[in-house]
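Okay, thanks for coming, everyone. I'll walk you through one structure today, chain by chain, and then finish on a few odd residues.

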Amino acid sequence: MLTPDRLENDRRFSAFDNGEVLYNKKKNHLPAMGWNSWNAFGSGNTEALTKVMADKITELGLDKLGYEYVILDDGCYKPERVDGRLSNEENKFPSGFKALSDYIHDKGLKFGMYNDIGTNLCAGAAVGTCGHEKEDAKSYIEWGVDFLKVDNCYYPFDNATFSNPENAAYTFAPNIRAIKLVDKADNSDTECILPAVEAELTGSRASIEDDHITGLGTFDGTGPESSPVGIRSSELIFHVSAAAEMAEYEIEVEYQAGAIEGVGNWLQIAVNDELIFDDFLNKDMIPALKKEEGEEEKALLPFTWSEPLRIKLKKGENTIRLMNHRRQENTLNSYARLLKELSNINPDNEIIYSACEWGKTHPQNWAYKVCDSWRILNDITFRVGSDGDPGHGAWVEDYTTSVTTQYNKAVIMDEFAGLERGWNDPDMLMIGMNGLDETQCRTHMTMWCMINSPLMLGLDLRRVQKGDWIYNIIANKDAIRINQDALGIQAKRVYSTLQKTEPDKEYIRDIDRIDVLVKPLVNGDFAISFINVSKEDKNQNIRIDIDKIRELFGDKIRKASKYSVKNIWTGEVSENATGAFEVTSIKACDNLTFIVTPIA
Amino acid sequence: MNIEAFIDYIISEYEMAHSDKNDIDIDHFWKEVMSYFSEDMLGSPVNKKSAARILYAFSRIVLKLPNLDWIRAKKLRDIYECRVCAEAIAQMYERGIIDGVGPCIFGINDTMKAEELRMAVDKIVQINTNIIWSL
């Protein structure tokens, strides 16, 4: 039976903010640029197609612009391991991965591959890294892999895609009605029952329901519903005082175990800073346990009292915290297990590690410890292409499958990105797919460059010619300069026509708006982008003053009496002597983006 | 009917219905779908998402059917739970080869009965590609 690891403190929720990476993870990588097979060919990618794409990257000179990674996504492995090892699907990749890696490296490019922290890959092959990290790390090093994208399907410890829905038992605490403290110091066994509804509740996921607390855990961030900003994971905190030092008590919890999103069976209990319990509370309700034939898992059990646990309280005020941070901790640990093996083999490896857990466990909080970037939502398109079909992308959709859904979330996540951490990843570019026109593709590129997203081309490059509109977008040197600026600062939204409070923190999903983004660049330059997110033309005066920008960025933005202003899409250069940057109209889905250089 | 038997059934039904069959395409289809499933999975019952993936591969590789735009399929809430089968589900749903369990749910993990699988195969092998192309 697979069980989550006992965890070291360095991957606990309490360590998420300490800024420390695991296993010597190398940092200071700018956002990765390259081509990934998924949006172009789905699981139908082949060795022949990949070689043609590598050829096209060099033929078009995209490598000189920074596009260096060629990444095989899902669909390249045999459906099962061979002698415990990963192996190439022989019809699609007849020469094997090392030969393809050599081909790509010989062109001066870098080679990327794909796997999954679960038991299977999303396309079904039973070759996930879960429990096979050591041998897989060896394979990847042998194959000369420079980039790894690792997915989250069939994950055994959360209710992820294709996982058992009852795995929610791992990721949420039970409903809590009360705790009971029994004084064991003087054998009096004096009992004190503390109702949960009177305790302190932190975070925003849990809530009071009748006489109990429910939802102790964190949001599922796969869909676009929940904001990435603020404390998302909840804790239930009892404040208790003790009259004597090291006073001995027993604690019992009145709980209702479940196996549904919001109500689980795994509880963490901390007394002051010491974690004293971290396990399933009800030993019969464990998803991985085999059921009797015909027996169905119950979604919710009746309330009951737990077995007693012995604790010690210090004299004076104490906190007893009930929580379950395992949704985030387990996922971090699973990504860390592969990193550990890669680092064991080659401690100096610079493999770019891309977490693709779809924002489910709020990786913006923890992924910097092990990865270089982290997906923030489910996929940007589910209508991927195949050989001869460019696939389909959308500007707006209710779910994650559009440029604007991804952008709406990423644009307020600048606090999580940086050279010391890594990058928010709103998924691969859809430039060149059906469904998006030239203007939308240009703005898509601008958005991804301003928010320091990895730039992964997702189209069949045989459709691109030097100088055509697709080429002119993906090869725009000023846009790429913004994305690859050495400071590595993600743009901040400094203004939105729909803002109510703080534009850089507020999660705005209505696209009927204009956003203004500012991004500091090296040498005192900065980029400013006016983005019409809506599908309607906007005739509106939007003006941002340098003083307002400096309020948000301080000395990262230099004040001058004159500025040189270059429109990155027209190349037009003008001079600004007012320090006020303004536009009066923007076409639907268009952007006006400038690199501003203080000159006096 | 398990997944392996379902794949064999599609090929045999198509070969019976089309004397002008293209063996290269059928071989390509077989290799493609065999790459989706491990040995264990081939012996499992066919759920709706797997049926959709197999039939979609058949429609592309053997029947050369173009993709339809997503109209009704956009309303299927569970389609986004499967990134590798979303297009397949949408295409089979739009063409009426596999129905949903309601107007907004496809039922991606529901097991299909042998009779339902045979009906889906009947529908797809009978598609006249000339008519579809001219639509």
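**Chain A, chain B and where they touch**

So, of the 600 residues in chain A, buried ones make up 54%. Before I go on, keep in mind that this is a predicted model. The secondary structure of chain A comes to 12 helices and 28 strands. How does its radius of gyration sit against the globule rule? The value is 26 Å, close to the 25 Å that the rule gives for 600 residues, so chain A is as compact as a globular protein of that length. If you want a box for it, the C-alpha trace spans about 85 × 60 × 40 Å along the principal axes. And if you take the contacts in chain A between residues at least 6 apart in sequence, 75% of them join residues at least 24 apart.

Let's go to the sheets. Chain A has an open sheet of 8 strands, and the order across it is E19-E18-E17-E4-E3-E2-E1-E20. The pairing there is parallel. At the edges you find strand E19, residues 423–425, and strand E20, residues 455–457, each pairing on one side only. Going from one strand to the next, the twist averages 25°. Look at one end of that order: strand E1 of chain A, residues 33–36, pairs with E20(A) in the parallel sense over 3 bridges. If you want a residue to click on, Gly34(A) stands opposite Met456(A) in E20(A).

Now for some antiparallel pairing in chain A. Strand E5, residues 175–183, runs antiparallel to strand E11, residues 247–256, and 8 bridges join the two. Which residue is the bridge partner of Asn175(A) in E11(A)? That's Gln256(A). E5(A) also pairs with strand E6 of chain A, residues 191–195, through 5 bridges, and that pair is antiparallel too. There, Lys180(A) stands opposite Ile193(A) in E6(A).

As a reminder, strands of a sheet pair through backbone hydrogen bonds, either parallel or antiparallel.

On to chain B. How many helices and strands does chain B have? There are 7 helices and 0 strands, so to speak a plain read along the sequence: α-α-α-α-α-α-α. For its 135 residues, a compact globule would have a radius of gyration near 14 Å, and chain B agrees, with 14 Å. The C-alpha trace spans about 40 × 40 × 25 Å along its principal axes. Buried residues are 40% of the 135 in chain B. For contacts in chain B with a separation of 6 or more, 76% come from residues 24 or more positions apart.

One helix pair in there is worth a look. Helix H4 of chain B, residues 48–61, packs against helix H5 of chain B, residues 86–94, at an angle of about 75°, with the axes 8 Å apart. That makes H4(B) roughly perpendicular to H5(B). On the H4(B) side the contact includes Ala52(B), Leu55(B) and Tyr56(B), and on the H5(B) side it includes Ala88(B), Ile89(B) and Met92(B). By class, the contact has 6 nonpolar, 2 polar and 3 charged residues.

How do the two chains meet? In chain A, 21 residues are in contact with 18 residues of chain B. On the chain A side, the residues split into 8 nonpolar, 6 polar and 7 charged.

Last bit: the odd residues. Most residues other than glycine have a negative phi. Asp83(A) has a positive phi of about 55°, although it is not a glycine. You'll find Asp83(A) in the loop between strand E2, residues 69–71, and helix H4, residues 97–106, of chain A. Is Asp83(A) buried or exposed? Exposed, because Asp83(A) has 6 other C-beta atoms within 10 Å, and 12 or fewer counts as exposed.

Asp427(A) has a positive phi too, near 85°. Asp427(A) is in the loop between E19 and helix H9, residues 438–450, of chain A. This one counts as buried, because Asp427(A) has 28 C-beta neighbours inside 10 Å, and the cut-off for buried is 20 or more.

And one from the segment before E1 of chain A: Asn9(A). Asn9(A) is exposed, with 10 other C-beta atoms within 10 Å. The C-alpha atoms of Asn9(A) and Arg81(A) are separated by 33 Å, and these two residues are 72 apart along the chain.

That's me done.

Note on methods: Residues numbered from 1 in each chain as written. Chains lettered and ligands numbered in written order. Predicted model: local features only at pLDDT ≥ 70, side-chain atom pairs only at ≥ 80, totals over all residues. Pairing = 2+ DSSP bridges. Helix = DSSP H or I, 4+ residues; strand = E, 2+ residues; numbered from the N terminus. Axes fitted to C-alpha atoms, helices over the stretch in contact; angles between N-to-C directions. Contact = placed C-beta atoms within 7 Å. Nonpolar A, V, L, I, M, F, W, Y, C, P; charged D, E, K, R; others polar. Rg over C-alpha atoms; globule rule 2.2 N^0.38 Å. Parallel < 35°, antiparallel > 145°, perpendicular 65-115°, else oblique.
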